[in-house]
Amino acid sequence: AERVLSFDTFALHTLRAAHALGVPTVLSQCTGHLADALAVYREELALNPDFADSLAADTPPEVVERCAAEAREADRVLAPSAYVRETLERHGVAPDRIVDLPYGVDSERFHPPATPRSGAPFRVLYVGQIGQKKGIKYLLEAMRRLALPDAELLLVGTVVGSGAGLLPYRDGYRHIPGVPYHEVHDLFRDADIFVYPSLHEGSPFAVLEAMASGLPVITTPNAGTHVRDGVDGFVVPIRDIDAMMARIEELYRDRDLRLAMGRAARERASAFTWQRYADGLDAVLTAPAARERRAP
(Lines give C-alpha, C1' and ligand atoms only; values in the text may rest on other atoms or scores of the structure.)
Protein backbone atom coordinates (compact mmCIF):
# COMPACT_ATOMS: atom_id res chain seq x y z
CA ALA A 1 0.00 0.00 0.00
CA GLU A 2 1.16 3.51 -0.74
CA ARG A 3 2.24 5.74 2.14
CA VAL A 4 3.92 9.12 2.34
CA LEU A 5 6.62 9.46 5.02
CA SER A 6 7.72 13.01 5.88
CA PHE A 7 9.82 14.67 8.55
CA ASP A 8 8.69 17.42 10.90
CA THR A 9 9.17 21.10 10.10
CA PHE A 10 9.09 20.64 6.31
CA ALA A 11 6.12 18.31 5.78
CA LEU A 12 2.85 20.26 5.72
CA HIS A 13 2.45 20.81 1.96
CA THR A 14 3.48 17.21 1.27
CA LEU A 15 0.97 15.88 3.80
CA ARG A 16 -1.86 17.93 2.33
CA ALA A 17 -1.00 16.91 -1.23
CA ALA A 18 -1.01 13.26 -0.19
CA HIS A 19 -4.35 13.63 1.55
CA ALA A 20 -5.83 15.23 -1.56
CA LEU A 21 -4.85 12.07 -3.43
CA GLY A 22 -6.20 9.80 -0.70
CA VAL A 23 -2.75 8.56 0.32
CA PRO A 24 -2.19 7.85 4.06
CA THR A 25 0.58 9.82 5.71
CA VAL A 26 3.21 9.23 8.38
CA LEU A 27 5.10 12.06 10.09
CA SER A 28 8.46 11.38 11.72
CA GLN A 29 8.53 13.83 14.64
CA CYS A 30 12.27 14.01 15.24
CA THR A 31 12.09 16.44 18.15
CA GLY A 32 9.60 17.63 20.73
CA HIS A 33 6.81 20.02 19.83
CA LEU A 34 8.19 23.39 18.73
CA ALA A 35 5.87 25.34 21.03
CA ASP A 36 7.44 23.60 24.03
CA ALA A 37 10.93 24.34 22.72
CA LEU A 38 10.18 28.05 22.41
CA ALA A 39 8.72 28.21 25.91
CA VAL A 40 11.94 26.75 27.31
CA TYR A 41 14.16 29.00 25.18
CA ARG A 42 12.34 32.15 26.28
CA GLU A 43 12.74 31.16 29.90
CA GLU A 44 16.45 30.71 29.25
CA LEU A 45 16.72 34.18 27.72
CA ALA A 46 15.69 35.59 31.09
CA LEU A 47 17.69 33.15 33.19
CA ASN A 48 20.90 33.10 31.16
CA PRO A 49 21.11 36.07 28.77
CA ASP A 50 24.82 35.38 28.27
CA PHE A 51 23.79 32.33 26.22
CA ALA A 52 21.01 34.10 24.30
CA ASP A 53 22.70 33.82 20.92
CA SER A 54 22.79 30.03 21.25
CA LEU A 55 18.98 29.82 21.40
CA ALA A 56 16.58 30.06 18.45
CA ALA A 57 13.94 31.84 20.51
CA ASP A 58 12.70 34.16 17.74
CA THR A 59 11.00 31.54 15.54
CA PRO A 60 8.06 33.23 13.75
CA PRO A 61 4.54 32.24 14.89
CA GLU A 62 3.69 30.99 11.41
CA VAL A 63 6.47 28.41 11.64
CA VAL A 64 5.17 27.22 15.01
CA GLU A 65 1.66 26.87 13.56
CA ARG A 66 2.95 25.05 10.49
CA CYS A 67 4.72 22.49 12.67
CA ALA A 68 1.66 22.11 14.89
CA ALA A 69 -0.52 21.53 11.82
CA GLU A 70 1.80 18.78 10.60
CA ALA A 71 1.32 16.78 13.78
CA ARG A 72 -2.44 17.39 13.80
CA GLU A 73 -2.95 16.36 10.19
CA ALA A 74 -0.71 13.32 9.75
CA ASP A 75 -2.45 9.96 10.02
CA ARG A 76 0.36 8.58 12.15
CA VAL A 77 3.13 10.41 14.02
CA LEU A 78 6.35 8.60 14.93
CA ALA A 79 7.77 9.55 18.33
CA PRO A 80 11.35 8.46 19.13
CA SER A 81 10.97 9.02 22.88
CA ALA A 82 8.47 9.42 25.70
CA TYR A 83 9.33 13.12 25.88
CA VAL A 84 8.34 13.68 22.26
CA ARG A 85 5.10 11.79 22.81
CA GLU A 86 4.31 13.92 25.89
CA THR A 87 4.84 17.19 24.02
CA LEU A 88 2.63 16.02 21.15
CA GLU A 89 -0.18 14.94 23.45
CA ARG A 90 0.10 18.21 25.36
CA HIS A 91 -0.64 20.05 22.11
CA GLY A 92 -3.64 18.04 21.08
CA VAL A 93 -2.32 15.08 19.08
CA ALA A 94 -4.50 12.06 19.83
CA PRO A 95 -2.47 9.41 21.73
CA ASP A 96 -3.68 6.61 19.45
CA ARG A 97 -2.19 8.36 16.40
CA ILE A 98 1.28 8.43 17.98
CA VAL A 99 3.55 5.44 17.38
CA ASP A 100 6.52 4.97 19.73
CA LEU A 101 9.54 4.16 17.59
CA PRO A 102 12.94 4.60 19.30
CA TYR A 103 16.08 5.10 17.24
CA GLY A 104 18.83 2.51 17.19
CA VAL A 105 22.54 2.30 17.89
CA ASP A 106 25.36 0.24 16.43
CA SER A 107 26.34 -1.81 19.50
CA GLU A 108 29.17 -3.52 17.65
CA ARG A 109 30.92 -0.25 16.96
CA PHE A 110 29.99 1.43 20.24
CA HIS A 111 31.07 -0.94 22.98
CA PRO A 112 32.95 -0.80 26.30
CA PRO A 113 36.74 -1.05 26.39
CA ALA A 114 38.25 -4.50 26.88
CA THR A 115 39.16 -3.56 30.46
CA PRO A 116 37.40 -0.92 32.57
CA ARG A 117 39.05 2.46 32.49
CA SER A 118 41.16 3.04 35.59
CA GLY A 119 43.34 5.93 34.53
CA ALA A 120 43.20 9.53 35.60
CA PRO A 121 41.62 11.93 35.36
CA PHE A 122 38.01 11.07 36.13
CA ARG A 123 36.51 12.10 32.80
CA VAL A 124 33.01 13.56 32.42
CA LEU A 125 32.08 13.50 28.74
CA TYR A 126 29.53 15.54 26.80
CA VAL A 127 29.06 15.12 23.03
CA GLY A 128 26.75 17.37 21.04
CA GLN A 129 26.18 20.98 20.07
CA ILE A 130 27.49 23.28 22.77
CA GLY A 131 24.75 25.75 23.58
CA GLN A 132 22.03 26.43 26.10
CA LYS A 133 19.39 24.31 24.38
CA LYS A 134 21.52 21.46 25.71
CA GLY A 135 21.64 22.97 29.21
CA ILE A 136 25.39 23.32 28.92
CA LYS A 137 25.71 26.16 31.45
CA TYR A 138 24.16 23.98 34.14
CA LEU A 139 26.77 21.30 33.54
CA LEU A 140 29.59 23.84 33.55
CA GLU A 141 28.34 25.36 36.78
CA ALA A 142 27.92 21.96 38.43
CA MET A 143 31.52 21.03 37.62
CA ARG A 144 32.81 24.44 38.75
CA ARG A 145 31.09 24.15 42.13
CA LEU A 146 32.17 20.54 42.66
CA ALA A 147 35.84 21.25 41.94
CA LEU A 148 36.59 17.52 42.16
CA PRO A 149 40.28 16.65 42.44
CA ASP A 150 41.73 14.97 39.38
CA ALA A 151 38.53 15.34 37.32
CA GLU A 152 38.01 16.68 33.81
CA LEU A 153 35.02 17.86 31.81
CA LEU A 154 35.43 17.15 28.09
CA LEU A 155 33.04 18.95 25.73
CA VAL A 156 32.98 17.61 22.18
CA GLY A 157 31.05 19.46 19.51
CA THR A 158 30.43 22.75 17.74
CA VAL A 159 29.81 25.88 19.77
CA VAL A 160 26.45 27.45 18.92
CA GLY A 161 26.51 31.23 18.76
CA SER A 162 29.42 33.40 19.85
CA GLY A 163 30.38 31.28 22.84
CA ALA A 164 30.39 34.37 25.08
CA GLY A 165 28.61 32.47 27.84
CA LEU A 166 31.42 29.93 27.95
CA LEU A 167 34.12 32.46 28.75
CA PRO A 168 33.68 32.49 32.55
CA TYR A 169 34.18 28.71 32.53
CA ARG A 170 37.06 28.51 30.05
CA ASP A 171 39.45 27.04 32.62
CA GLY A 172 36.97 24.39 33.72
CA TYR A 173 36.72 22.21 30.64
CA ARG A 174 38.59 20.88 27.64
CA HIS A 175 36.99 21.39 24.23
CA ILE A 176 37.31 19.33 21.08
CA PRO A 177 35.44 21.22 18.32
CA GLY A 178 34.83 18.21 16.15
CA VAL A 179 35.74 14.58 15.71
CA PRO A 180 35.16 12.56 12.54
CA TYR A 181 32.19 10.30 13.10
CA HIS A 182 34.27 7.22 12.34
CA GLU A 183 36.48 8.09 15.33
CA VAL A 184 33.96 9.30 17.90
CA HIS A 185 33.51 5.87 19.50
CA ASP A 186 37.04 6.16 20.93
CA LEU A 187 35.94 9.16 23.02
CA PHE A 188 33.23 7.16 24.73
CA ARG A 189 35.61 4.34 25.57
CA ASP A 190 38.00 6.80 27.23
CA ALA A 191 35.46 8.39 29.58
CA ASP A 192 34.00 7.49 32.98
CA ILE A 193 30.51 8.99 32.76
CA PHE A 194 28.39 10.80 30.17
CA VAL A 195 26.30 13.86 31.05
CA TYR A 196 23.59 15.21 28.74
CA PRO A 197 21.58 17.93 30.53
CA SER A 198 19.40 18.99 27.59
CA LEU A 199 16.36 21.23 28.00
CA HIS A 200 14.55 20.07 24.84
CA GLU A 201 15.24 17.17 22.49
CA GLY A 202 13.91 14.38 20.37
CA SER A 203 16.13 11.43 21.13
CA PRO A 204 19.86 12.12 20.76
CA PHE A 205 22.03 9.42 19.21
CA ALA A 206 24.92 10.37 21.51
CA VAL A 207 23.17 9.10 24.63
CA LEU A 208 22.50 5.65 23.17
CA GLU A 209 26.08 5.60 21.90
CA ALA A 210 27.33 6.39 25.40
CA MET A 211 25.14 3.68 26.91
CA ALA A 212 26.27 1.13 24.33
CA SER A 213 29.84 2.09 25.26
CA GLY A 214 29.17 1.12 28.86
CA LEU A 215 28.92 4.59 30.35
CA PRO A 216 26.47 5.55 33.08
CA VAL A 217 24.49 8.58 31.92
CA ILE A 218 23.24 11.61 33.83
CA THR A 219 20.48 13.30 31.88
CA THR A 220 17.09 15.04 32.14
CA PRO A 221 13.49 14.05 31.33
CA ASN A 222 13.51 16.58 28.48
CA ALA A 223 16.48 14.92 26.80
CA GLY A 224 14.28 12.22 25.27
CA THR A 225 16.56 9.37 26.31
CA HIS A 226 15.89 5.80 27.41
CA VAL A 227 17.94 6.00 30.60
CA ARG A 228 16.31 4.33 33.60
CA ASP A 229 16.85 6.43 36.71
CA GLY A 230 18.98 4.58 39.23
CA VAL A 231 19.71 1.73 36.82
CA ASP A 232 21.61 3.00 33.77
CA GLY A 233 22.48 6.30 35.38
CA PHE A 234 20.40 9.14 36.77
CA VAL A 235 17.61 11.37 35.47
CA VAL A 236 17.62 14.80 37.14
CA PRO A 237 15.24 17.74 36.63
CA ILE A 238 16.22 20.33 34.06
CA ARG A 239 18.22 23.25 35.47
CA ASP A 240 18.77 21.46 38.80
CA ILE A 241 22.47 22.10 39.40
CA ASP A 242 22.41 20.66 42.93
CA ALA A 243 20.91 17.36 41.75
CA MET A 244 23.44 17.14 38.92
CA MET A 245 26.30 17.83 41.31
CA ALA A 246 25.10 15.14 43.71
CA ARG A 247 24.89 12.50 40.98
CA ILE A 248 28.24 13.39 39.41
CA GLU A 249 29.93 13.24 42.80
CA GLU A 250 28.23 9.92 43.63
CA LEU A 251 29.60 8.33 40.47
CA TYR A 252 32.99 9.98 41.00
CA ARG A 253 33.35 8.42 44.45
CA ASP A 254 31.79 5.02 43.79
CA ARG A 255 33.63 3.08 41.08
CA ASP A 256 31.58 -0.07 41.69
CA LEU A 257 28.37 1.88 41.08
CA ARG A 258 29.83 3.35 37.88
CA LEU A 259 30.71 -0.09 36.58
CA ALA A 260 27.36 -1.61 37.54
CA MET A 261 25.41 1.19 35.89
CA GLY A 262 27.67 1.01 32.86
CA ARG A 263 26.91 -2.69 32.47
CA ALA A 264 23.19 -2.02 32.79
CA ALA A 265 23.42 0.80 30.25
CA ARG A 266 25.21 -1.45 27.79
CA GLU A 267 22.57 -4.15 28.15
CA ARG A 268 19.78 -1.59 27.79
CA ALA A 269 21.27 -0.02 24.66
CA SER A 270 21.80 -3.40 23.01
CA ALA A 271 18.03 -3.76 22.70
CA PHE A 272 17.80 -0.61 20.57
CA THR A 273 19.01 -1.90 17.22
CA TRP A 274 18.54 -0.29 13.84
CA GLN A 275 16.92 -3.53 12.70
CA ARG A 276 14.31 -3.06 15.41
CA TYR A 277 13.74 0.47 14.15
CA ALA A 278 13.45 -0.74 10.54
CA ASP A 279 10.97 -3.44 11.51
CA GLY A 280 8.87 -0.94 13.44
CA LEU A 281 8.88 1.52 10.56
CA ASP A 282 7.94 -1.24 8.12
CA ALA A 283 5.02 -2.21 10.35
CA VAL A 284 3.71 1.36 10.31
CA LEU A 285 4.15 1.78 6.57
CA THR A 286 2.45 -1.52 5.70
CA ALA A 287 -0.37 -1.48 8.26
CA PRO A 288 -3.95 -1.23 6.95
CA ALA A 289 -4.80 2.43 6.47
CA ALA A 290 -6.98 3.98 9.12
CA ARG A 291 -8.57 6.98 7.50
CA GLU A 292 -9.06 9.49 10.25
CA ARG A 293 -10.68 12.82 10.37
CA ARG A 294 -7.92 15.38 10.52
CA ALA A 295 -8.02 18.96 11.60
CA PRO A 296 -8.43 21.34 8.67
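This report describes the strands, the largest pocket and the largest cavity of a predicted model.

## Basis of the description

The model is predicted, so local features need pLDDT of at least 70 and side-chain atom pairs count only at pLDDT 80 or more, whereas totals for chains, interfaces and linings use all residues. Residues are numbered from 1 along each chain as its sequence is written, and side-chain values use heavy atoms, with hydrogens and water left out.

## The six-stranded sheet

Six strands form an open sheet in the order β7-β6-β5-β8-β9-β10, with parallel pairing. Strands (E, at least two residues) and helices (H or I, at least four) are DSSP runs numbered from the N terminus, and two strands pair if DSSP finds at least two bridges between them. The edges are occupied by β7 (174-176) and β10 (233-235), each with a single partner strand, so one side of each has no neighbour in the sheet. On average, neighbouring strands of this sheet are turned by 20° against each other, direction ignored; the axes are lines fitted to C-alpha atoms, and angles run from 0 to 180 degrees between N-to-C directions.

Within this order, β5 (residues 122-127) and β8 (residues 193-196) run parallel and are joined by two bridges. Leu125 has Phe194 in β8 as its bridge partner.

## The β1-α1-β2 unit

Strands β1 (residues 4-7) and β2 (residues 25-28) also run parallel, joined by four bridges. Leu5 is bridged to Val26 in β2. Between the two strands the chain passes through helix α1 (residues 12-20), giving a right-handed β-α-β crossover; right-handed applies if, with the strands pointing away from the viewer, the path from the first strand over the helix to the second runs clockwise.

## The largest pocket

The largest pocket holds about 450 Å³ of space. On a 1 Å grid over the protein atoms alone, a pocket is an open set of points with protein on both sides within 12 Å along at least five of seven lines, while a cavity is a set where a 1.4 Å probe fits but cannot get out; lining residues have an atom within 4 Å of a point. Volume is the space filled by probe spheres set on the points, which are joined across faces, edges and corners.

Of the 24 lining residues, Thr31, Leu34, Ala37, Tyr41 and Lys133 lie nearest the centre of the pocket. Helices α2 (34-47) and α3 (61-73) are the elements that give two or more residues to this lining. By class, the lining has ten nonpolar, ten polar and four charged residues. Nonpolar covers Ala, Val, Leu, Ile, Met, Phe, Trp, Tyr, Cys and Pro, charged covers Asp, Glu, Lys and Arg, and the others, Gly among them, are polar.

## The cavity

One cavity of 30 Å³ or more is found in the whole structure, and the largest cavity holds about 50 Å³. It is lined by 13 residues, with Phe51, Asp53, Ser54, Val160 and Gly163 closest to its centre. Six nonpolar, five polar and two charged residues make up this lining.
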